[in-house]
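Ready for a few warm-up exercises on a protein model? Try each task on your own, then check the worked solution below it.

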Amino acid sequence: MLFGKAAFKGDRKTRKFLSKLVGMRIQQDDLLPEISKLELDRIIDEISADGRAVDIERTSRQEYALPGIRRYSAMREFIDLVCVVFAVAFGIRGLFFQPFKIPTSSMQPTLYGIHYRDNLTCPQPFNMLLFGGRRAELTARRGTFEDCDASPGFFDDTFVKQGGSWTRLPGDRSKVIDYANMTANTYYFGGEIIANGSVVSGDHLFVERFSLYFLPPRRGDIMVFTTEGITDIRGVSLRDSSGFYYVKRIVGLPGDTLRLRNNQLYVRPRDASSFSRIQDIEPKFAKIYSGKGGYHGHVSDMGESCLLDEATDYTVPDNCYFMLGDNSRFSRDSRFFGAVPRKNLVGRAAFVFWPLSRRWGLPDIADPIDVPTGRRGVYTFPVMWRQ
């Protein structure tokens with residue numbers, strides 16, 4: 001039997017048909033019964049004999065009448081390829097890199113949830129494509145803020161009423177109240193710039209899962225974990241109240257005793273005789289206590305009962321990890337729901353792939369911006385609006 005173009009010089013239509021038959025013969029050699037192989041060989045030899053055009057319609061019907069021949073082979077091969085691609089993609093996602101979106105501000109300024117940024121001037125649509133930003137602009141009218149109401153729709157927008165008129169702003173109610181500094185008793189004479197920035201999407205990152213199989217979690221790792229089976233100090237399920245995935249930083253390892261005094265976290269590792277400041281044990285925490293760019297240490301007085309506060313020490317159970325958010329003043333973390341079991345850990349934050357910002361790339365390597373954190377606002381520290 002002759003295989004290949006070198007043995008055949010028929011017209012284009014016949015060459016194409018011959019190529020199809022040869023491909024079928026080679027690819028399905030282990031699937032076809034012997035009678036089908038012999039018949040295919042005969043047809044191929046007949047077409048290849050002298051290069052003359054043949055009755056392709058008749059030969060095609062003859063081909064499909066052969067027992068054991070798979071019809072629509074090209075479509076089947078395409079579907080097989082798609083299935084393999086999806087299997088590989090889901091395998092990579094399940095075993096190596098899984099994408100996540102940061103939903104809240106608990107890890108700012110290391111990782112950002114949806115937030116206001118006051119220095120984005122890029123025009124749309126590039127503002128959205130590159131930075132995930134939607135313009136937030138508001139100039140005060142005469143009078144005070146009179147009302148604030150959520151806007152129905154795909155985006156979390158809010159309507160604010162001031163001077164008898166409504167204005168639509170991006171962001172949920174708490175974010176708008178914060179960046180617009182909406183207070184009921186502030187009177188405006190008109191013309192003051194209330195907001196002139198963008199509400200930016202939360203950081204999207206890949207979480208690396210594989211290293212947990214051979215490298216144990218370390219103090220200072222930024223870790224994504226599930227809330228399955230975890231309840232807060234009131235007995236409320238975290239999964240039902242605030243979502244299935246959390247991202248926090250490990251501060252306590254199994255057997256550690258933690259002490260929080262005057263907004264400073266102290267750690268006594270297992271078998272150690274004394275407490276040490278956490279930044280003296282692990283240098284990653286130095287920037288959290290720098291007092292710059294929004295970092296403000298670990299807050300000890302949250303105004304409610306906590307598992308770790310000014311009056312209480314906490315010993316981390318075996319096979320568990322104590323997690324705190326870098327934005328400690330506005331973080332619901334292990335102070336309120338206890339240590340996280342090892343089985344709940346998903347993986348380490350590995351790479352921020354969108355939006356483009358000073359945090360793009362490997363997480364947790366950027367130094368704080370050289371601006372004092374300053375006083376907090378309603379729901380965040382305004383210095384974080386610059387990042």
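**Exercise 1. A charge over a ring**

Find the ring that the charged end of Arg332 sits over, and give the distance to its centre.

Solution. Keep in mind that this is a predicted model. Start at Arg332 and look at its charged end: below lies the ring of Phe336, with its centre 4.1 Å away. Now try Arg249 in the same way: its charged end sits over the ring of Phe285, 5.9 Å from the centre. Both distances pass the cut-off, which is within 6 Å of the ring centre.

**Exercise 2. Two hairpins**

Work out how strand 6 pairs with strand 7, and which residue in the turn has a positive phi.

Solution. Step one: strand 6 covers residues 157-162 and strand 7 covers residues 165-170. Step two: they pair in the antiparallel sense, over six bridges. As a sample, take Val160, whose bridge partner in strand 7 is Thr167. Step three: the two strands form a hairpin with two residues between them, and Gly163 in the turn has a positive phi of about 65 degrees.

Now do the hairpin of strand 13 and strand 14. Residues 257-261 and 264-268 pair in the antiparallel sense here, over five bridges. Leu260 has Leu265 as its bridge partner in strand 14. Two residues lie between the strands, and Asn262 takes a positive phi near 50 degrees.

Strand 13 has another partner to find: strand 16 (residues 314-315), antiparallel over two bridges. There, Thr257 stands opposite Thr315.

**Exercise 3. Walk across a sheet**

Give the strand order of the open sheet of seven strands, and say which strands are at its edges.

Solution. Going across, the order is 1-10-19-11-12-17-18, and the pairing is antiparallel. The edges are strand 1 (97-101) and strand 18 (340-341), each of which pairs on one side only. Inside that order, look at strand 12 (residues 245-252) and strand 17 (residues 320-324): three bridges join them, running antiparallel. Gly252 stands opposite Phe322 of strand 17.

**Exercise 4. Classify a ring pair**

Are the planes of Tyr314 and Phe322 stacked, edge-to-face or tilted?

Solution. The count of aromatic pairs comes to 15. For Tyr314 and Phe322, the ring centres are 4.9 Å apart and the planes stand at 50 degrees, so the pair is tilted. That follows because stacked needs under 30 degrees and edge-to-face needs over 60. Both Tyr314 and Phe322 are buried. To finish, look for a cluster: ring pairs link Phe100, Phe244 and Tyr245.

Technical notes:
Residues numbered from 1 in each chain as written. Predicted model: local features only at pLDDT ≥ 70, side-chain atom pairs only at ≥ 80, totals over all residues. Heavy atoms only, no water. Pairing = 2+ DSSP bridges. Helix = DSSP H or I, 4+ residues; strand = E, 2+ residues; numbered from the N terminus. Phe/Tyr/Trp six-rings, centres within 6.5 Å; stacked < 30°, edge-to-face > 60°. Buried < 20%, exposed > 50% of the residue type's maximum accessible area, 1.4 Å probe, protein only. Lys NZ or Arg CZ within 6 Å of the ring centre and 35° of its normal.
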